[in-house]
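Here are some exercises to work through with the model open beside you. Try each task by yourself before you read its solution.

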Amino acid sequence: MFRATGVFSEMSQAFLLVKSLLFITIMYSWMLVLGIIAAPAAAVSRDATYWFVKLYCRQILWLLRFLCGIDFEVRGGIPTGDVAVVSKHQSFLDVILHVVSLDRPQFIMKRELSWIPVFGFYAMRIGCTPIHRENRARATDQMSKGVEKEAGADAQLVIYPQGTRVSPGDKKPYKAGAFILYHRHEKPCVLAATNVGHFWPRLSLLRRPGLAVVEYLSVVPPGLFRDEFMVRIEREIEQASDRLSEETLSHSAKQ
């Protein structure tokens with residue numbers, strides 16, 4: 001019985017991998033095709049750019065549900081207006097969920113992403129800010145210039161305070177970029193947690209079924225000093241993300 005169960009498990013994993021590879025192939029192929037089709041409209045209109053970017057992300061979520069069995073849920077009050085969304089980052093899936101949920105999302109992103117064909121063009125067209133992550137002073141200057149350039153856009157600026165994707169359970173330090181938005185640019189900061197790394201793991205081809213969640217949390221009150229701000233955002237984001245991970249693991253254990 002144990003051996004048969006083990007064989008069945010291996011077959012299930014292999015089947016999941018095949019479906020995951022099919023999903024990845026379609027996702028990037030359709031990005032290229034739709035990106036080329038929409039390029040003329042996107043080149044002249046930011047509203048058109050958002051329309052096509054959101055269309056693509058909704059289609060990818062449908063495909064992910066259909067092929068890989070991943071459902072989605074957005075919890076909490078969705079941020080609106082000119083705010084910074086300070087979010088946990090576990091995989092490209094939380095980017096997609098922010099794009100679908102927020103009205104006019106923009107992202108602070110590493111500069112290398114702006115060089116990717118199609119992806120980089122659309123990221124820049126919606127007003128994302130590429131930064132040089134390895135040089136802190138230069139990254140701060142680039143971020144500030146990007147924020148000033150987009151002043152008045154009434155957009156939701158998503159920043160990942162750890163600066164990279166972090167797998168569930170792993171710990172990486174929080175960087176000061178979010179505080180610069182909060183203090184220097186006086187942006188209200190809405191915190192966000194997620195568990196998507198359980199279903200779309202970092203550096204993995206496998207897509208696992210389950211309920212992927214992005215949860216919008218509290219708004220950080222104005223007037224905090226740097227140390228207070230950094231402690232608060234790390235505590236709230238990590239605790240909420242850990243809670244979502246525990247829900248995921250508990251649900252998996254019951255199946």
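A cavity is a set of grid points where a 1.4 Å probe fits but cannot get out, whereas a pocket is an open set. Keep in mind that you're looking at a predicted model.

**Exercise 1. The enclosed space**

Task: Find what volume the largest cavity has and which residues line it.

Solution:
- Step 1. Start with the count: the structure holds 1 cavity of 30 Å³ or more.
- Step 2. Now the volume, which comes to about 40 Å³ for the largest cavity.
- Step 3. Next, pick out the lining. It includes Lys88 and Gln90, a run of residues made up of Ser167, Pro168, Gly169, Asp170 and Lys171, and also Glu238, Ser241, Asp242 and Ser245.
- Step 4. Sort that lining by character: 1 residue is nonpolar, 5 are polar and 5 are charged.

**Exercise 2. An open pocket**

Task: Work out which elements contribute to the lining of the second largest pocket.

Solution:
- Step 1. Get the volume down: the second largest pocket has about 360 Å³.
- Step 2. Look around the centre of this pocket. It has 17 lining residues, and the closest to the centre are Phe199, Pro209, Gly210, Thr248 and Ser252.
- Step 3. Move from residues to elements. Two or more lining residues come from each of α1, β7 (210–220) and α7 (226–254).
- Step 4. Pick the top contributor: α7 gives the most, with 5 residues.
- Step 5. Finish with the character of the lining, which splits into 6 nonpolar, 8 polar and 3 charged residues.

**Exercise 3. Parts tied together by charge**

Task: For the salt bridges Arg46–Glu150 and Lys187–Asp82, say how far apart in sequence the tied parts are.

Solution:
- Step 1. For background, the structure holds 13 salt bridges.
- Step 2. Take Arg46 and Glu150, whose closest N and O atoms are 2.7 Å apart. Arg46 belongs to helix α2 (residues 46–68) and Glu150 to the loop between α5 and β5 (156–159), so this pair ties together parts 104 residues apart in sequence.
- Step 3. Check how covered the two partners are. The cut-off for buried is under 20% relative accessible area. Glu150 has 16%, so Glu150 counts as buried, while Arg46 has 23% and is partly exposed.
- Step 4. Turn to Lys187 and Asp82, which meet in a salt bridge at 2.4 Å, N to O. Lys187 is in the loop between α6 and β6, and Asp82 is in the loop between β1 (70–75) and β2 (83–87), so here the tied parts are 105 residues apart in sequence.
- Step 5. Run the accessibility check again: Lys187 is buried at 10%, and Asp82 is partly exposed at 40%.
- Step 6. Add one more pair. Asp71 and Arg65 form a salt bridge with closest N and O atoms 3.0 Å apart. Asp71 is partly exposed at 37%, and Arg65 is also partly exposed, at 38%.
- Step 7. Salt bridges can link up, too: Glu73, Arg75, Glu215, Arg243 and Glu247 are joined in a network of them.

**Exercise 4. Covered or open?**

Task: Decide whether helix α3 is mostly covered or mostly open, then look at a nonpolar patch on the surface.

Solution:
- Step 1. Go along α3 (residues 92–101) and collect the buried residues: Leu93, Asp94, Val95, Ile96, Leu97, His98, Val99 and Ser101.
- Step 2. That makes 8 of 10 residues buried, so α3 is mostly covered.
- Step 3. Now go to the surface. Leu22, Ile26, Trp30, Leu32, Val33, Ile36 and Ile37 form a nonpolar patch there, with about 620 Å² of accessible area together.
- Step 4. Zoom in on one member, Ile26, which is in helix α1 (residues 2–44). Ile26 is partly exposed, at 33%.

**Exercise 5. Unusual backbone angles**

Task: Find where Val118 and Glu186 are placed.

Solution:
- Step 1. Val118 is not a glycine, yet has a positive phi of about 70 degrees. Look for Val118 in the loop between β3 (105–110) and α4 (119–125).
- Step 2. Glu186 isn't a glycine either, and has a positive phi of about 55 degrees. Glu186 is in the loop between α6 (177–183) and β6 (189–194).
- Step 3. Check the surface around Glu186: at 67% relative accessible area, Glu186 is exposed.

Notes: Residues numbered from 1 in each chain as written. Predicted model: local features only at pLDDT ≥ 70, side-chain atom pairs only at ≥ 80, totals over all residues. Heavy atoms only, no water. Patch = residues over 30% accessible without salt bridge, like charges linked within 9 Å, V, L, I, M, F, W, Y side chains within 5 Å. Areas by Shrake-Rupley, 256 points an atom, 1.4 Å probe, with all protein chains shown as cover. Salt bridge = Lys/Arg side-chain N within 4 Å of Asp/Glu carboxyl O. Helix = DSSP H or I, 4+ residues; strand = E, 2+ residues; numbered from the N terminus. Buried < 20%, exposed > 50% of the residue type's maximum accessible area, 1.4 Å probe, protein only. 1 Å grid on protein atoms, 1.4 Å probe; cavity = no way out; pocket = protein on both sides within 12 Å on 5 of 7 lines; lining within 4 Å. Points joined across faces, edges and corners; volume = space filled by probe spheres on them. Nonpolar A, V, L, I, M, F, W, Y, C, P; charged D, E, K, R; others polar.
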